[in-house]
2 protein chains.
Amino acid sequence: MNEFELIKHCFNWPQNNSDIICAVGDDASIVQVPSGYELVQSIDTQVADVHFPASAPPQLIAQRALRCAISDLAAMGAKPQAFHLALSLPKDTSKTWLESFSSGLRNCADEYSISLIGGDTTSCPSIVITIQVQGIVPSGKALTRDKAQAADNIWVTGNIGDAAGALPLILNNPELSIDLAKAYYYPQAQIQLGLALVGIANSALDISDGLLQDASHIAKASNCTLNIHSDRIPLSPLLRDKYPYAQALDYALTGGDDYQILFTAPTESDNKILNIAQLLSVPCTKIGHVIATSSPSITLDGIDTNNLYHDQGYQHFNDQ
Amino acid sequence: MNEFELIKHCFNWPQNNSDIICAVGDDASIVQVPSGYELVQSIDTQVADVHFPASAPPQLIAQRALRCAISDLAAMGAKPQAFHLALSLPKDTSKTWLESFSSGLRNCADEYSISLIGGDTTSCPSIVITIQVQGIVPSGKALTRDKAQAADNIWVTGNIGDAAGALPLILNNPELSIDLAKAYYYPQAQIQLGLALVGIANSALDISDGLLQDASHIAKASNCTLNIHSDRIPLSPLLRDKYPYAQALDYALTGGDDYQILFTAPTESDNKILNIAQLLSVPCTKIGHVIATSSPSITLDGIDTNNLYHDQGYQHFNDQ
């Protein structure tokens with residue numbers, strides 16, 4: 001099977017979205033964006049043995065990469081439309097591996113109603129997966145990081161820290177044999193919640209690099225301080241069972257990979273948010289509030305986290 | 001400099017396109033597509049020592065990667081709008097390397113009036129550059145591969161084979177010290193020509209993997225045979241100086257990386273095309289014509305190329 005047959009075989013399934021004019025197979029894809037909407041786009045790369053164990057099951061690798069990318073759409077309040085896949089693989093990758101990868105990708109794409117519309121396959125010593133996702137949002141309504149307001153409550157979805165707590169266990173055994181591994185391999189891109197928060201939340205992002213570090217992006221973009229109460233951060237029973245409290249909290253504060261949504265909203269929206277949470281079965285927990293400031297920061301129980309933590313989350317590159 | 005400061009420093013320059021609502025800095029970018037237009041998108045990966053020598057000057061690597069990606073927009077008749085960059089780099093990459101990469105990228109982006117609107121930087125043992133580009137085209141007017149008509153003339157822009165002829169020389173010396181190297185490092189994405197061909201050409205693509213192989217994509221998609229006259233294929237004096245005729249022709253037929261446009265158009269458009277070529281100073285050469293067929297193929301001087309060449313172009317993956 002040559003490159004083109006391989007792509008046709010593994011990455012060219014029928015799409016049923018009338019906004020997709022041309023998918024896989026030409027020099028480029030063609031989409032239309034409905035009138036009154038803007039296009040929200042994100043690109044994410046995952047590298048073997050950096051973002052996932054190279055020996056993990058390919059269907060898990062594929063669907064996790066897509067979930068992580070789609071999570072950015074959730075954080076913007078966008079409805080998934082389409083994605084492109086750039087896949088770099090070692091020359092000796094087997095057809096079986098590729099078919100399994102393709103199957104995991106397709107199942108996940110179906111779950112989120114997102115169409116694969118193009119891609120590129122290349123050879124590379126490492127497995128490198130880059131996924132570009134796009135979705136639509138009513139013009140001017142995207143949830144961004146720069147509109148948090150003083151007195152907003154700070155909310156998070158789900159539990160925080162599970163994926164970071166799972167990682168050392170997975171590195172020992174990449175198979176899906178422990179409960180906590182699900183949080184790592186199956187992050188839930190909170191699309192329905194993101195859509196419901198449009199017009200309600202003032203700011204939002206997804207927690208991919210650690211709660212403190214990601215919260216600091218809102219603080220900097222919105223020029224405010226976010227005060228977080230450590231005892232309100234939702235930690236799962238699974239995480240608490242596996243680790244002492246201090247370690248579990250540390251995973252929540254500085255670990256990554258949870259892909260839960262952190263958002264801020266005015267107090268008068270509390271009931272709306274709790275109703276949405278119940279309706280969608282997505283737990284939402286108030287973990288703090290926004291404070292007007294002249295110097296953006298994150299405070300944990302009132303103490304500036306710069307004084308508590310040198311590293312507040314995952315850094316791909318260190319000081320140079 | 002940490003990851004976020006590095007991105008801000010190297011990949012966050014001002015954009016001046018009113019269709020860009022939100023660029024680098026949030027979970028995702030936001031663009032609008034003007035009414036009456038569709039969005040054309042492509043994604044391309046280049047891997048060190050597969051697509052370019054790892055030791056090549058970083059500004060050349062960057063701008064070449066962007067040119068190659070933009071070429072797909074030219075082949076579709078689209079006007080460049082924006083791009084996302086996913087950059088994977090070894091941990092020990094120097095700030096100097098990155099600044100040089102960034103400078104080459106920005107110069108090229110300015111040349112093509114295309115805005116950098118988002119990206120991702122990750123660590124990886126190899127340098128892997130994935131660029132997603134997008135442009136706009138009036139709805140329904142994109143140049144695709146599937147509408148070549150019997151009796152269409154087959155045209156190519158520029159000279160063919162220069163980049164493939166340059167490659168063995170560059171692999172010996174990655175610096176830009178030989179004339180032929182320019183064809184490799186500075187492929188010209190034929191954007192103006194692509195825009196001018198909308199409504200004139202019936203089909204088009206860019207030649208990235210070799211003339212015969214890329215021509216076969218049009219043959220298959222349009223269900224026709226493309227007959228190419230070998231003596232009409234434009235070979236540059238530089239290529240002819242460096243190699244015997246048979247070798248030069250082989251580079252043109254089966255080498256890649258030229259990023260010239262191959263298109264088909266009805267005979268009555270000949271004068272229009274020659275006028276456009278003169279106006280834009282982009283040589284266009286008629287190299288053959290399209291033949292109705294029940295079995296799509298490429299014939300060279302009337303002989304089926306499947307009988308002449310086993311490998312008709314670059315394959316990232318071989319038979320497995």
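Biologist: Where do I start with a single side chain? Is Y184(A) buried or exposed?

Modeller: Start with relative accessibility. Under 20% counts as buried. Y184(A) has 0% relative accessibility, so Y184(A) counts as buried. Keep in mind that this is a predicted model.

Biologist: And Y185(A): buried or exposed?

Modeller: Y185(A) is buried too, because its relative accessibility is 1%.

Biologist: What sits over the ring of Y184(A)?

Modeller: The charged end of R64(A) does, at 3.9 Å from the ring centre. Look at chain B as well. There the charged end of R64(B) sits over the ring of Y184(B), 3.9 Å from its centre.

Biologist: How do I read a pair of aromatic rings?

Modeller: Two values describe such a pair: the distance of the centres and the angle of the planes. Over all chains, a search of the whole structure finds 10 aromatic pairs. Take W97(A) and F101(A): their ring centres are 5.3 Å apart and their planes lie at 15°, so this pair is stacked.

Biologist: How many residues apart are W97(A) and F101(A) in helix α3?

Modeller: First the general idea. An α-helix has 3.6 residues a turn, so residues three or four places apart point the same way. Now the case. W97(A) and F101(A) are four residues apart in helix α3 of chain A, residues 95-111, so about one helical turn separates them. Both W97(A) and F101(A) are buried.

Biologist: And how are the rings of Y184(A) and Y185(A) arranged?

Modeller: Read the two values again. The centres of Y184(A) and Y185(A) are 5.2 Å apart, and the planes are at 80°. Planes over 60 degrees apart count as edge-to-face, so Y184(A) and Y185(A) form an edge-to-face pair.

Biologist: Which residues form one aromatic cluster with F11(A)?

Modeller: W97(A) and F101(A) join F11(A) in that cluster.

Biologist: How do I compare distance in sequence with distance in space?

Modeller: Try P57(A) and S100(A). They are 43 residues apart in sequence, yet their C-alpha atoms are 8.1 Å apart in space. P57(A) belongs to the loop between β3 (37-47) and α2 (58-76) of chain A. P57(A) is buried, as its relative accessible area is 12%.

Biologist: Now the sheet. What is the strand order in chain A?

Modeller: The order is β8-β10-β7-β11-β9-β12-β13. These seven strands of chain A make an open sheet with mixed pairing. Its edge strands are β8 (203-206) and β13 (303-304), each pairing on one side only.

Biologist: How do β7 and β10 of chain A run?

Modeller: They run antiparallel, joined by four bridges. Strand β7 covers residues 153-157 of chain A, and β10 covers residues 261-265. W155(A) stands opposite F263(A) in β10(A).

Biologist: Which helix packs on this sheet?

Modeller: Helix α7 of chain A does, residues 211-222. The strands it touches include β7, β8 and β9 (224-228). The direction of α7 makes about 150° with that of β9(A).

Biologist: What does the sheet of chain B look like?

Modeller: Chain B has an open sheet of seven strands, with mixed pairing. β8 (203-206) and β13 (303-304) of chain B stand at the edges; each has a single partner strand, so one side of each lacks a neighbour in the sheet. In β7 and β10 of chain B the pairing is antiparallel, over four bridges. V156(B) stands opposite L262(B) in β10(B).

Biologist: One last helix. What do the buried residues of α4(A) pack against?

Modeller: They pack against α5 (181-185), α8 (237-242) and α9 (245-254) of chain A. Among the buried residues of α4(A) are D162(A), G165(A) and I170(A).

Note on methods
Residues numbered from 1 in each chain as written. Chains lettered and ligands numbered in written order. Predicted model: local features only at pLDDT ≥ 70, side-chain atom pairs only at ≥ 80, totals over all residues. Heavy atoms only, no water. Phe/Tyr/Trp six-rings, centres within 6.5 Å; stacked < 30°, edge-to-face > 60°. Helix = DSSP H or I, 4+ residues; strand = E, 2+ residues; numbered from the N terminus. Buried < 20%, exposed > 50% of the residue type's maximum accessible area, 1.4 Å probe, protein only. Lys NZ or Arg CZ within 6 Å of the ring centre and 35° of its normal. Pairing = 2+ DSSP bridges. Contact = heavy atoms within 4.5 Å. Axes fitted to C-alpha atoms, helices over the stretch in contact; angles between N-to-C directions.
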